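Student: I have a structure open and would like to understand the words people use for it. Could we go through them together?
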Amino acid sequence: MTRSDELRALAQRVADALPPEVVEVVVTGSVSRGLADELSDVEMLVVTEEQVSLDRAFELAAAAGLEERDTWGDPSTPTRRVFGYLDGVTVETIWWSREHAEAHYGGPGADQALLHGIPLRTSGLLARWQEQLAVYPDELAAERIEKAAERWGGYAPAALVTIARPDCALARMEWLVDSAQLAIVFALNRERQPTAKRLAANVGPLAIRPERVAERIEEALAEQDPRTALRLMAQLQLDAVNLAPSGPNVDRARTWLAEGLEMLR
């Protein structure tokens, strides 16, 4: 039995212990993709007929056997988050009402997780969502490409030089990490974007991508010289936007990144 099998069986125990008001339970993440290892946790979406309070989510998690429970994230949103431990394994549960789930299953992040999710209890919601998510329309790709390209432009390219200063390490790392997002590349390939974990494995099969994209991101983030790090990332992202179709933000990003590169040379 693989580690993914072991963790899926543990997740099933949690699902089986939940009451009938829970209409859908989906295990996601590395467990659903068969990639779990000894460091992996269990990630689950729990859908209830009506929205539950955070206190109620805690009660249900406790009844399902989760110990040392806590929560994270913004408690003012409709999403409830409860994590705990079962047999020493971290279990993270996301609680959505059916109404909220129907409105947000296709959002960035949720779409990729649910597309590869495995139902542990179902009323047919996941199968319908996955049928919808299997289609990646051109309009969605164009929207996500243009949205991703917004970050490169609208202010002077000389700003890249200012964050190369020795006392700007935090601002520089923020820019590098933000620029390392691969929304454009995944949208070009009509693929739902995964998390940043296992980057090389996720981008390796993509047909449309800059050369050595994962390796170049790692090199830029590990580079000790500030100007070199910024130049490596800017060149990678210029290569990415050059693969994209023209649009207001894409065209602006091409010009902005090219000008920024010249200033960093």
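The talk below takes up a few terms and the values behind them.

Tutor: Happily! Keep in mind that this is a predicted model. For an overview, the protein has 14 helices and six strands, and its C-alpha trace spans about 60 × 40 × 40 Å along the principal axes.

Student: How many of the residues are buried, and what makes a residue buried?

Tutor: Buried residues make up 45% of the 265 residues. The word applies to a relative accessible area under 20%.

Student: Why is Pro205 called exposed?

Tutor: The cut-off for exposed is over 50%. Pro205 has a relative accessibility of 65%, so Pro205 counts as exposed. You will find Pro205 in the loop between helix 11 (199–203) and helix 12 (213–222). From Pro205 to Glu68, C-alpha to C-alpha, is 40 Å in space, and 137 residues in sequence.

Student: And why is Thr162 called partly exposed?

Tutor: Buried would need a value under 20%, and exposed one over 50%. Thr162 has 32% relative accessibility, which lies in between, so Thr162 counts as partly exposed. Thr162 belongs to helix 8 (residues 159–162).

Student: What makes the approach of Thr162 to Ala159 a polar contact?

Tutor: The limit for a pair of N or O atoms is 3.5 Å. The side chain of Thr162 reaches the backbone oxygen of Ala159 at 2.7 Å, so the pair is within that limit. Further along the chain, Arg227 is 65 residues from Thr162, yet their C-alpha atoms are separated by 10.0 Å.

Student: Arg227 is in helix 13, I think. How do you know how helix 13 runs relative to helix 14?

Tutor: Two packed helices are described by the angle and the distance between their axes. Here the axes of helix 13 (residues 226–243) and helix 14 (residues 248–264) cross at roughly 150° and come within 9 Å. Angles over 145 degrees count as roughly antiparallel, so helix 13 is roughly antiparallel to helix 14. The crossing is left-handed.

Student: Which residues meet there?

Tutor: From helix 13 they include Arg227, Leu230, Ala234, Leu238 and Val241. Among the partners in helix 14 are Val250, Ala253, Leu257, Leu261 and Leu264. By class, this contact has eleven nonpolar, three polar and three charged residues.

Student: What share of the contacts in the whole protein joins residues 24 or more positions apart?

Tutor: Of the contacts with a separation of 6 or more, 63% are between residues 24 or more positions apart.

Notes. Residues numbered from 1 in each chain as written. Predicted model: local features only at pLDDT ≥ 70, side-chain atom pairs only at ≥ 80, totals over all residues. Heavy atoms only, no water. Axes fitted to C-alpha atoms, helices over the stretch in contact; angles between N-to-C directions. Helix = DSSP H or I, 4+ residues; strand = E, 2+ residues; numbered from the N terminus. Parallel < 35°, antiparallel > 145°, perpendicular 65-115°, else oblique. Left-handed = near helix turned anticlockwise from the far one by under 90°. Contact = heavy atoms within 4.5 Å. Nonpolar A, V, L, I, M, F, W, Y, C, P; charged D, E, K, R; others polar. Buried < 20%, exposed > 50% of the residue type's maximum accessible area, 1.4 Å probe, protein only. Polar contact = N/O pair within 3.5 Å; in protein donor to acceptor, adjacent residues only side chain to side chain.
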